[in-house]
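Biologist: Could you walk me through this one? I'd like to start with the charges and rings and then move on to the metal.

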Amino acid sequence: MKEYNPTWDLDSLFPGGSASQQFRDYLGQIRTEIKQLEDQFTTLEVEADTFSTMLTQFIMELEKTMFKLREAGAFVSCLSAQDVTDEGAKTLVAESGTLSASFNGVLTTFMQKLAEVPDEEWQAIIRHEALQEIGYVLSEYRNKARDLLAVEQEVLINDLAVDGYHAWNQMYNTIVGNMTVEIKGEEKIESYSIGQASNLLTSSNRATRKQVFDQLNDAWKEQASLFAQTLNHLSGFRLQMYKHRKWENVLKEPLSINRMKQETLDAMWTAIANNKQPFVAYLNKKAELLNIDKLSFYDVDAPITDQVKKLSYTEGAKFIIDQFRSFSPKMADFAEQAFEKRWIEAEDRPGKRPGGFCTSFPDSKETRIFMTYSGTASNVATLAHELGHAYHQHVMNDVHGLNQRYAMNVAETASTFAEMIVADAAVEQAETAEEKKALLEDKVNRSVAFFMNIHARFIFELNFYKEREKGFVSPARLNELMVEAQKEAYQDALDEYDPYFWASKLHFHITGTPFYNFPYTFGYLFSLGIYARAKEQGESFEDDYIALLEDTGRMSVEELAMKHLQVDLTKPDFWEAAIELCIKDVEAFLKL
Ligand SMILES: [Zn+2]
């Protein structure tokens, strides 16, 4: 069997790593292009007869520069992930960040320009032959700009946000980065970073989990007053901004980022809330398997066995390619090519950033995947997940640049789909009953994360914002709100909850994207619905799937589901059918 090389090839993009002269030149080119865009922009007159033609021309240039910027951003993120000590990479990250900021400036003023166009003329413009294809995105830009304050005020908000808003997020990261916890090992007490300690929470030893959980809890408790500051101030800034823009619903921004309706979100959570019982039964069963009365928060992710076989990188790769092939030969060919051309950095070595990601190079139409592969079943799943993202980007290569941007909720569709194919195949092909049980448990546990853990985050955030509107929310009250949300989401199935989860979960402190939770659950259930359709339809599904992916960047999720799956996302039916698939896994698990 031919062995695949687990390190990636970045030199084929820009030779020389962070010292690449070719990449420096590329950044220089982007700088020039942004300047040209700014100049060209000043000649764009809404009243002029030639507006449509000039707009088309401007968008063509905008698209080219956008591709280059994304390419540069992808390259620097690969450089800094592969070696955290690469100082040259850090300088390049800052440089490409500055370029992005000035490009966003052009984009914002461009959006405001579109808002100036009167309604009737606008309809004629987006019917223009060259603009029809990107009509949805252009109208979205225009509507967004119309929802904002006057340009000068928005510019002021943006400028103040650097130190008054996003800084709270950085402050959070700094405090967490400096925290350590002491964990008693077999011989001595050792000091761990928060990330390292959190990894110990999946230990198969309950005493270890309990100790780590308690120590982490104490660490969060000690800093709780600081985290209450970061959380209250960043949400306070957000609420003030919304108030001035006259946005009454705190979900307005996250829903619009995810191009979805409130009715869809409500239908999804209602379907989940109505179907929790099987998952509660699963948690009770898991408690029994672990020989305890009731699970605690730190038991939910505990392994029930360590009997799962490990796969070498090449074995994992072949397994993924084979499973993809049974669903879609095109997807399998793509994955094979990614392994052969070394688009994946998977080597298990020190000095790499933790976690995994997939990033695209739209200018050279390539992708790169980053992760650390040590042969576990969850590594194979992650690899398949990232390849799903890469395939999504691959089919997007030929659509207009403005139509290539898809939101987080649909971004997780292709990745979850790919992961599901591989996870199901692994369960089917398990060699022992013990292994089968463990793999199935892993699958069910993922549903628990999306239906319970993420649900708790959503309930908490919504309730927190209601109280924050009235004033500062104390650490003690934040704890109460968190435990109440967890009890509701887990239906009282746990013995002990995690009161400081509002402090420990980074996602609550991200300023770039509010409500960094429900899009995960959406993506999971949406791709389950597609997966069920794929199994039903067989071979002919491949092209339908590609067509669906190609549309993910140019319509709302409701339109996407109606067009490709003929389902109404605002109604509970679709969601219930998807949850039903997860319940089947629970039933199979309980039988074993
Ligand atoms: Zn993902």
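Modeller: To begin with a definition, a charge sits over a ring if NZ of Lys or CZ of Arg is within 6 Å of the ring centre and within 35 degrees of the ring normal. Please keep in mind throughout that this is a predicted model.

Biologist: Fine, so which residue lies over the face of Trp 247?

Modeller: That is Arg 245, placed at 4.8 Å from the ring centre of Trp 247. There is also Lys 113, whose charged end sits over the ring of Phe 41 at 5.2 Å from its centre.

Biologist: Now the metal. Which protein atoms are the donors of the zinc ion?

Modeller: The zinc ion has NE2 of His 385, NE2 of His 389 and two OE entries from Glu 412 as its protein donors, at 2.1 to 2.6 Å. Along the sequence these donor residues follow the spacing H-x3-H-x22-E.

Biologist: And where do His 385 and Glu 412 sit in the chain?

Modeller: His 385 belongs to helix H17 (residues 377-396) and Glu 412 to helix H18 (residues 408-428), so that the pair, 27 residues apart, links distant parts of the chain.

Biologist: Are those two buried or exposed?

Modeller: His 385 and Glu 412 are both buried.

Biologist: Why is the site irregular?

Modeller: The angles among the 4 donor atoms run from 51 to 139°, and four donors count as tetrahedral only if all angles lie between 85 and 135 degrees; the site is classed as irregular.

Biologist: Back to rings, then: how many aromatic pairs are there?

Modeller: The count comes to 46 aromatic pairs. In one of them, Phe 327 and Phe 417 have ring centres 6.0 Å apart and planes at 85°, so this pair is edge-to-face. Because Phe 327 lies in helix H15 (residues 313-327) and Phe 417 in helix H18, the contact ties together parts that are 90 residues apart in sequence. Phe 417 counts as buried, with 2% relative accessibility.

Biologist: What about Phe 526 and Phe 574?

Modeller: Their ring centres are 6.0 Å apart with the planes at 55°, so that pair is tilted. Phe 526 is in helix H22 (residues 518-537) and Phe 574 in helix H25 (residues 572-591), so parts 48 residues apart in sequence are tied together. Phe 526 counts as buried at 0% relative accessibility, and Phe 574 counts as buried at 9%.

Biologist: Which residues form an aromatic cluster?

Modeller: One aromatic cluster includes Trp 269, Phe 297, Tyr 465, Tyr 490 and Phe 518.

Technical notes
Residues are numbered from 1 along each chain as its sequence is written. This is a predicted model: local features need pLDDT of at least 70, side-chain atom pairs count only at pLDDT 80 or more; totals for chains, interfaces and linings use all residues. Side-chain values use heavy atoms; hydrogens and water are left out. Donors are N, O and S atoms within 2.8 Å of the metal (3.2 Å for Na, K and Ca); water is not among the atoms, so sites may look incomplete. Four donors count as tetrahedral if all angles lie between 85 and 135 degrees; four count as square planar and six as octahedral if opposite donors are over 155 degrees apart and all others between 65 and 115; anything else is irregular. Helices (H or I, at least four residues) and strands (E, at least two) are DSSP runs, numbered from the N terminus. Buried means under 20% relative accessible area, exposed over 50%, partly exposed in between (1.4 Å probe, protein chains only). Rings of Phe, Tyr and Trp (its six-membered ring) pair if their centres lie within 6.5 Å; planes under 30 degrees apart count as stacked, over 60 as edge-to-face and the rest as tilted.
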